[in-house]
Amino acid sequence: MPALFEPLTLREVTVPNRVWMAPMCQYSAEPEGPLAGVPHDWHFAHYAARAAGGTGLILTEATAIAPEGRISPYDLGLWNDTQVEAFRRITRFLTEQGTVPGVQLGHAGRKASTDRTWKGGGPVGPEAHGWQPLAPSALPFGEHHPVPTELTVDQIQEIIGQFAAAARRALAAGFETVEIHGAHGYLVNEFLSPHTNHRTDAYGGSYENRTRFALEIVDAVREVWPAEKPVLFRISATDWLDEGGWSADDTVRFARDLHAHGVDLLDVSTGGNANGVGIPTGPGYQVPFAARVKAETPLRAGAVGLITEAGQAEKILANGEADVVLLGRELLRNPSWARHAARELGAEVRVPIQYHRSV
């Protein structure tokens with residue numbers, strides 16, 4: 001059995017293979033009104049196709065815990081029961097296909113209130129459904145971004161509660177795992193990094209203070225999430241800054257803390273927190289960061305980033321560099337990537353009975 005198609009059990013949830021779908025924003029929900037943040041037919045078709053294609057676990061796009069936590073006005077959310085009911089349609093179908101449904105819960109922080117990528121992705125104001133962003137410190141992301149409002153301690157506590165409330169709704173919506181979004185320069189990542197966290201209170205300064213917010217979110221989510229179901233955490237393993245930022249060494253240290261607080265797998269990405277930095281991209285360029293987490297901590301690790309070929313993915317797992325691989329753009333290009341990879345590697349994935357003539 002190729003490593004890519006071995007099942008993986010986290011707590012009491014078994015994922016049928018190690019081909020996972022990374023969160024990718026679709027920017028397709030209604031921006032305002034009673035259907036704001038509610039998944040609809042596009043989202044159903046998007047996720048259903050990848051489940052029918054054999055993907056082992058699917059993580060939804062970054063799903064906001066509050067309206068002001070959205071990356072764009074067109075993002076999904078889990079701050080009300082209308083959203084819960086709409087998500088049930090998706091999770092039910094994924095489960096019927098043997099795919100484990102997961103949701104990524106996040107808050108965009110200072111990178112909130114931006115336009116859809118195909119509209120340029122720049123900041124938008126109230127005239128375009130936008131709002132005032134929030135952050136650990138009043139530091140804008142870039143030259144053309146607004147100065148965010150620095151969060152008070154009371155607001156920090158409110159956001160922690162919103163993560164827990166969203167996790168409760170995720171459970172009601174039928175999700176089997178939740179992932180806390182701590183990467184790509186969004187709010188949790190902003191607290192972690194000294195590049196974006198200039199606070200002088202209990203949530204800034206030392207490593208222990210900068211990681212406090214993230215760990216309090218993990219604790220709040222773990223408290224409401226069933227003990228038999230896993231919690232994941234996505235991290236940017238480095239800001240790609242020579243100094244003054246979050247580093248790979250910090251990630252290894254933090255992975256041990258996350259494990260102690262009940263996180264089951266670290267989804268290892270990089271970058272997104274510092275504007276304009278150079279990132280040396282290439283096939284599997286982020287895999288070494290996942291490999292360090294797997295080798296140096298008790299936490300399981302997921303690798304992501306320009307993983308496109310079946311042999312490449314198999315080698316990452318067979319070499320012990322990660323426990324799972326997460327595919328992004330490649331699954332946009334090929335929803336049945338898992339089926340094709342299984343055929344190439346001499347393995348099998350579940351195929352819908354309606355598609356058996358294609359086997």
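**Helix packing and Asp 267**

Q: Is the crossing of H3 and H6 left-handed or right-handed?
A: The H3 and H6 crossing is right-handed (the near helix is turned clockwise from the far one by less than a right angle; anticlockwise would be left-handed). Heads up: this is a predicted model, where local features need pLDDT of at least 70 and side-chain atom pairs 80 or more, while totals for chains, interfaces and linings use all residues. Residues are numbered from 1 along each chain as its sequence is written, and side-chain values use heavy atoms, without hydrogens or water.

Q: What angle do H3 and H6 pack at?
A: About 35°, with the axes of H3 (residues 153-172) and H6 (residues 212-224) 8 Å apart. Axes are lines fitted to C-alpha atoms over the stretch in contact, and angles run from 0 to 180 degrees between N-to-C directions. Helices are DSSP runs (H or I, at least four residues), and strands (E) have at least two.

Q: Which residues touch there?
A: Among them are Ile 156, Ile 160 and Phe 163 of H3 and Phe 213, Ile 217 and Val 221 of H6 (contact means heavy atoms within 4.5 Å).

Q: New topic: where's Asp 267?
A: Asp 267 sits in strand S10, residues 265-269.

Q: Buried or exposed?
A: Asp 267 is buried, at 0% relative accessible area (buried is under 20%, exposed over 50%, partly exposed in between, with a 1.4 Å probe and protein chains only).

Q: What does Asp 267 touch?
A: Leaving out residues up to four places away in sequence, its neighbours include Leu 59, Phe 233, Arg 234 and Leu 326.
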